[in-house]
Amino acid sequence: MRFRELLSEEYGIRDYDVSAEQGGWSALAYRVQTPRASYFLKAYRKDRASPPALTAHLDDHLSVLAKLGGGRLAGKAAEPVRTLNGLFKCEDAENVCVLFKCVEGYVLADRDLTDNQIDSLAGIVADLHDAAPDVREVSGALPVEDFTTPFCWKLKHFLNEEPPSCDEKIRLLLLPACEQLKNKMGVDGIDGGERKAALAHLAVECRAL
């Protein structure tokens, strides 16, 4: 990769050292160290099968991330760095690149989580799922997935039958959870009713400070 041209032309970064970091299955990762700041460079290789699908809505995803980082997830979300032209990504013939301010720490997936880390991660994911109204003006272009489960309507009808028209072994298996299942049916339109929009995630990249 032509780091020097890319970082200089797109970000105005000229005095730096670069070193490879542990990347994922979809992208290569590098640490960019300047005298005044550290950055994390993510490079999606165009010769791999997955990048076109992952980068198609990259600008939209990063717009949402930047919005969350300035609000609900302040201090908890990676901060993307815009190019000199105000874009969230840049590319050359081989790569689509995104630059973030570096988060110091270690990758949580490499070790067992502590109870505090589990609570913190759960809180971040919960905030992410509840944040759709906060980013509505920048999330309109994101792809939408429908997680309706129509079979729940049939299951709810089945649970309300008196007596249940099922095998006795199945009835005894479901009996302990019957009331809980009834209460959960219809939550956020899971059985086909009205659904609430929520931000989802393919992966949460976490580092312990």
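Two strands pair if DSSP finds at least two bridges between them. Helices (H or I, at least four residues) and strands (E, at least two) are themselves DSSP runs, numbered from the N terminus. In strand 2, V32 is the bridge partner of V18. The structure is a predicted model, in which local features need pLDDT of at least 70 and side-chain atom pairs count only at pLDDT 80 or more, while totals for chains, interfaces and linings use all residues. Residues are numbered from 1 along each chain as its sequence is written, and side-chain values use heavy atoms, with hydrogens and water left out.

A look at confidence comes next. The mean pLDDT of the chain (the predictor's confidence in each residue, from 0 to 100) is 77, and 75% of the residues score at least 70. Confidence is highest in strand 4, at 93, and lowest in strand 8 (residues 207-208), at a mean of 42. The pLDDT is below 50 over residues 202-209, a stretch that has 22 contacts in the model beyond near neighbours in sequence; contact here means heavy atoms within 4.5 Å.

The chain as a whole contains eight helices and eight strands. Of its 209 residues, 30% are buried, where buried means under 20% relative accessible area, exposed over 50%, and partly exposed in between (1.4 Å probe, protein chains only). Among contacts between residues at least 6 apart in sequence, 60% join residues at least 24 apart.

Near the start of the numbering, helix 1 (residues 3-11) has F3, L6, L7, S8 and Y11 as its buried residues. An α-helix has 3.6 residues a turn, so residues three or four places apart point the same way. The cover over the buried residues of helix 1 includes strand 1, strand 2, strand 3 (38-45), strand 4, strand 5 and strand 6 (95-101). Just after helix 1, G12 adopts a positive phi of about 70°.

Strand 1 (residues 17-21) and strand 2 (residues 28-33) run antiparallel and are joined by five bridges. A hairpin of six residues links strand 1 to strand 2. Q33 belongs to strand 2 and counts as partly exposed because its relative accessibility is 30%. Not counting residues up to four places away in sequence, Q33 touches D15, Y16, D17 and S38. The side chains of Q33 and S38 make a polar contact of 2.6 Å; such a contact is a pair of N or O atoms within 3.5 Å, and within protein one must be able to donate a hydrogen and the other to accept it, with residues adjacent in sequence counting only if both atoms are side-chain atoms. A polar atom of the Q33 side chain also lies 3.4 Å from the backbone oxygen of A37.

Further along the chain, K89 sits in the loop between strand 4 (80-81) and strand 5 (90-91). K89 counts as buried because its relative accessibility is 19%. The side chains of K89 and D59 make a polar contact of 2.7 Å. Leaving aside residues up to four places away in sequence, K89 touches L58, D59, T83, V96, C97 and V98.

One of these partners, C97, counts as buried because its relative accessibility is 0%. The closest cysteine sulfur to that of C97 is in C90, at 5.1 Å, which is too far for a bond. With a disulfide taken as a pair of cysteine sulfur atoms within 2.5 Å, the count comes to zero disulfides. C102, in turn, counts as partly exposed because its relative accessibility is 22%.
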